[in-house]
Amino acid sequence: MRRSLAEGQKKEAPKLMNELSRFRLSEITGERIVNGMLRRLIQVRTNATWHFSSEAKTNRQRLQQFENLYSGKRCFILANGPSLGRMDLRPLHNEITFGMNRVYLLFDQLKFTTNFFVAVNDLVLKQFNNEISDQRMPKFINWDYRHLFSNAESTLFVKMNFALRDRFSETIQKPICSGGTVTFVTLQIAFYMGFQEVILIGLDHNFESKGVPNTTRIREMTEDRDHFHPGYFPKGTKWQLPDLKRSELAYTLAKSAYEKEGKRVLDATVDGKCMVFEKITYSSLFG
């Protein structure tokens, strides 16, 4: 028993070191440490309500209705990179689609809405909760910010798991990791729903804004060049710089989980810089 435990620890050690390698000493700032501590303090209370409240029980029952509901089908996940604004998205009208964060800024142009919506970032939820509430499709929202949203039939909640190491979860009825990006959360939701093939678009994985990952900044530029819409994060709003290394590690976990079940994730992003998923030409997906 002790030997098998030791062997397991040896196997886990390289994975943990790989996770820790994404942190540079210069990036371990006081702000990040304090924010991390505050998040974990908040988790004590929100974890209790997630596990033991009647509200959480009802929410989990509602989540269960989506388990393997789309087994064998394909879907598209619309990420929020600038390339999304250069694509012809009209063919998606007849596809199953997931939108994230402020994807609704596209809807007037598209003349249709995505089938599902996902948002878990605290700054997005705090600043745009009224706009998000107006969306009528099923919405998967961070449980910790449910007080900003009514318990409408279209609103469901997922619980974020704050752990040192991200993991891919096959069920969303338990706390899941964010991987530093809402796209990773959406990949877990799509897996839970049973999709056989997931196609990513708008995953540019390349930001004009540079700096320490996860640092909160106030937009000073009038035009947002990091997302598909110039007013995605308008001047004066808060946003967080991305952690691309963490995202890549999380995407690798998603790729392995899908392939283990004979499923696949394809990346049809125009000029995307993410090298984790198999690339495919967008136009080839529509016969």
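The legends below describe close-up views of a predicted model.

**View 1. The open sheet of eight strands and its edges.** The strands of this open sheet follow the order β5-β4-β3-β2-β1-β6-β9-β10, and their pairing is parallel. The edge positions are taken by β5 (155-158) and β10 (278-279), each of which has a single partner strand, so one side of each is left without a neighbour in the sheet.

**View 2. Strands β6 and β9, with helix α6 packed on the sheet.** Strand β6 (residues 197-201) runs parallel to strand β9 (residues 264-267), to which it is joined by four bridges, and Leu 200 stands opposite Asp 267 in β9. Helix α6 (residues 182-193) packs on the sheet, where it touches β1 (74-78), β2 (97-100), β3 (116-119), β4 (139-142), β6 and β9, and its direction makes about 150° with that of β2.

**View 3. Helix α7 and the glycine that follows.** The 17 residues of helix α7 (residues 244-260) should span 24 Å at 1.5 Å a residue, which agrees with the 24 Å between its end C-alpha atoms. The buried residues of α7 are Arg 246, Ser 247, Leu 249, Ala 250, Tyr 251, Ala 254, Ala 257 and Tyr 258. After α7 comes Gly 262, with a positive phi near 75°.

**View 4. Surroundings of Ser 169.** Ser 169 belongs to the loop between β5 and α6, and its relative accessible area of 14% is under 20%, so Ser 169 counts as buried. A polar atom of the Ser 169 side chain lies 2.6 Å from the backbone oxygen of Thr 171. When neighbours within four places in sequence are left aside, Ser 169 is in contact with Ile 176 and Gln 188.

Methods. Residues are numbered from 1 along each chain as its sequence is written. This is a predicted model: local features need pLDDT of at least 70, side-chain atom pairs count only at pLDDT 80 or more; totals for chains, interfaces and linings use all residues. Side-chain values use heavy atoms; hydrogens and water are left out. Two strands pair if DSSP finds at least two bridges between them. Helices (H or I, at least four residues) and strands (E, at least two) are DSSP runs, numbered from the N terminus. Contact means heavy atoms within 4.5 Å. Axes are lines fitted to C-alpha atoms, for helices over the stretch in contact, and angles run from 0 to 180 degrees between N-to-C directions. The expected span of a helix is 1.5 Å times one less than its number of residues. Buried means under 20% relative accessible area, exposed over 50%, partly exposed in between (1.4 Å probe, protein chains only). A polar contact is a pair of N or O atoms within 3.5 Å; within protein, one must be able to donate a hydrogen and the other to accept it, and residues adjacent in sequence count only if both atoms are side-chain atoms.
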